[in-house]
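Biologist: I'm new to this one. Could you walk me through it, starting with the sheets and then moving to the ligand?

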Amino acid sequence: MQDHTVEIDVLRGNEALSFAPVFNVAVPFIDRHLLEGRADKVVIRTNRGVEVTYAGLAENVNRCGNALLDLSIEPGERVIMIIKDCAEFFYCFWGAIKAGLIPVPVNTLLRAKDYAYIIGDSGCAAVIYSPEFSGEVEAALDQLDVRPPHCLPTEGVDGSLQTLIAAASADLKPAPATAEDDCFWLYSSGSTGSPKGTVHCHRDMVVASQFYGVQVLGIQEQDVCFSAAKLFFAYGLGNGMTFPLWVGASTVLYDARPTPQSVSETIEQFKPTLYYGVPTLYAAQLQVFETESSDLSSVRLCVSAGEALPADIFNRWRHKTGLTILDGIGSTELLHIFISNRIDDIKPGTSGRMVPGYEARIVDDSSEEVPDGESGQLWIRGGSTARCYWNNPEKTAKTMVNGWLDTGDTYLKDNEGYFHYCGRNDDMLKVGGIWCSPFEIEAKLVEHPKVLEVAVVGRADTAGLIKPEAHIVLHDPAAAGDALTAELLAHCKQGLAPYKYPRWFQFVGELPKTATGKIQRFKLRS
Ligand code: 3UK
């Protein structure tokens, strides 16, 4: 087998992937397209008017890989990317991989405290950031005892990534690697507040692209992808980058906050065929469609993930737009979606059936499989599973056991093989498809001098989507009121990522507690 190639074998009707012994995943995702005649095809279009061809992409990936090597970053060292959705995201991610470095895309909505933790935890050699985020990034660097050797913006100043790319060589040989070698990391939030570096290998993007992208979505070269979920999420990374690159398709990048209006404008201008959103955004779009029309006629299929899609949103979307939304569950650890509805096989209100290449077990507390129709903890096995959490053997041993991954979700499989989401096994919330720790919001609120105690729980809004609700005990109960609510809201928005504030504040006399003083959250959930 030639170096850096993947073979797709069909064994008893199922596809199996085999990888060349020398395998750097940048070759099939980037360089292969030049050999296959796509050099002049536009692969990236952005809302800033940038257009990049496959040839331009391959050249800039090489230049960026060389620019990073020119900084003396060593093989296996981490490059933190706090980068908005733009062409440089692609250059940096694939340039690092091709050069044998480990790119680590990070959520651009986080705050200085979060970045300081991630930069320290990763022991990275470089931090590269879009100028928009320089305030939080610089504040994070100020909090660190030891700064990473290289911290640079993508553009705007001398020494930015763009200027280094322009000056670097356009020739780069792929660093030798194997399909099982570490390739990139993604940070996933934990219930205790510290995010965990999830270590993925070269094989994982191929597995997700072939088994979900090709076999479930039926993505083809002609498709144009638009993901409202950003590239730094595993969901967006597959939707807006990996899947289109796997089949030689193209992608549309939008670098600001996705709103119903900006999504409509982007779809009308760039005419994507595949649109990927999250339930909260679909619900907001439906609300806007009550008064404003939108031309979605280019779209052949919509996808939803991140949190459960209520059947009501699926039905209303289909009624209003004529389009189908495929709900599927994925995770950062599995890289992308492993249970999904299909274009011709949908049960609204469920996550659908197994994606080929993945297996599920639903087990009770003693790890015994439960019968169909009963709920239990969802464990998944598949070829795109992360190898470990960085620097966290305890959490790795608890979550990844004999090739199986504990998702932390409670699920039920019905007798037709459809998986029904029944909630989390921990206190973590998914808000607009993004992890949100109630403990982190509580810690922020108790910093406020008027707050004595607080418990944050998830509460469903009118669309059936979970948002944080704060139950607060005040030092002086007489202080409760709209003015204090506004003050507490401002306090939360100041130090937390913008999606992490409580949508409701309840002032209460006391919190329900056990005899040992532990807050009984289940009594607060409505
Ligand atoms: C929850 C869902 C019900 C579930 C993700 C698509 O969300 C992604 O990854 P994360 O690591 O979160 C994983 C957790 O989110 N969840 C995700 N999708 C659904 N719950 N229905 C769904 N459709 O708790 C899961 O354990 O942020 C989604 C692709 C890649 C991803 N990483």
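Biologist: In what order do the 4 strands of the parallel open sheet stand?

Modeller: Keep in mind that this is a predicted model. The edge strands are β6 (102-105) and β8, and each of them pairs on one side only. On average, neighbouring strands here are turned by 20° against each other, ignoring direction. Read across the open sheet, the order is β6-β5-β7-β8.

Biologist: Which residue of β6 is the bridge partner of I80?

Modeller: Look at where β5 (residues 78-82) runs alongside β6: they pair in the parallel sense, over 4 bridges. In β6, the partner of I80 is V104.

Biologist: And what is the handedness of the crossover from β7 to β8, right or left?

Modeller: Start with the two strands: β7 (residues 126-129) and β8 (residues 150-153) run parallel and are joined by 4 bridges. Between them the chain passes through helix α5 (residues 134-143), and this β-α-β crossover is right-handed.

Biologist: Which residue in β8 does Y129 stand opposite?

Modeller: We're still at the pairing of β7 with β8, where the strands run parallel. Opposite Y129, in β8, stands P153.

Biologist: Let's go to the sheet with mixed pairing. Why is one side of β26 and of β28 left without a neighbour in that sheet?

Modeller: This open sheet has 3 strands, in the order β26-β27-β28. β26 (451-460) and β28 (504-507) stand at its edges, so the side without a neighbour comes from each having a single partner strand.

Biologist: How many bridges join β26 to β27?

Modeller: One of the pairs to look for is A460 with its bridge partner I466 in β27. β27 covers residues 466-474 and runs antiparallel to β26, and the number of bridges joining them is 9.

Biologist: Now the ligand. Which element gives the most residues to the shell around the ligand?

Modeller: Four elements each supply at least two residues of that shell: α8 (234-247), β15 (325-330), β22 (404-413) and β23 (419-424). By class, the shell has 10 nonpolar, 7 polar and 5 charged residues. The element that gives the most, with 4 residues, is β15.

Biologist: Which residues come nearest to the ligand?

Modeller: There are 22 residues around the ligand to choose from. The ones that come nearest are D327, G328, T332, D409 and K430.

Biologist: How far is an oxygen atom of the ligand from an N or O atom in the side chain of T332?

Modeller: Let's take the nitrogen contacts before that one. A polar side-chain atom of D327 lies 2.8 Å from a nitrogen atom of the ligand, and a polar backbone atom of S331 is 3.3 Å from a ligand nitrogen atom. For the side chain of T332 and the ligand oxygen, the distance is 2.6 Å.

Biologist: What percentage of the area the ligand exposes alone does the protein bury?

Modeller: Taken alone, the ligand exposes 610 Å². Of that area, the protein buries 96%.

Conventions
Residues are numbered from 1 along each chain as its sequence is written. This is a predicted model: local features need pLDDT of at least 70, side-chain atom pairs count only at pLDDT 80 or more; totals for chains, interfaces and linings use all residues. Side-chain values use heavy atoms; hydrogens and water are left out. Two strands pair if DSSP finds at least two bridges between them. A crossover is right-handed if, with the strands pointing away from the viewer, the path from the first strand over the helix to the second runs clockwise. A residue is near a molecule or strand if one of its heavy atoms lies within 4 Å of it. A polar contact is a pair of N or O atoms within 3.5 Å; within protein, one must be able to donate a hydrogen and the other to accept it, and residues adjacent in sequence count only if both atoms are side-chain atoms. Accessible areas come from the Shrake-Rupley method with a 1.4 Å probe; for residues, only the protein chains shown count as cover. Ala, Val, Leu, Ile, Met, Phe, Trp, Tyr, Cys and Pro count as nonpolar, Asp, Glu, Lys and Arg as charged, and the others, Gly among them, as polar. Axes are lines fitted to C-alpha atoms, for helices over the stretch in contact, and angles run from 0 to 180 degrees between N-to-C directions.
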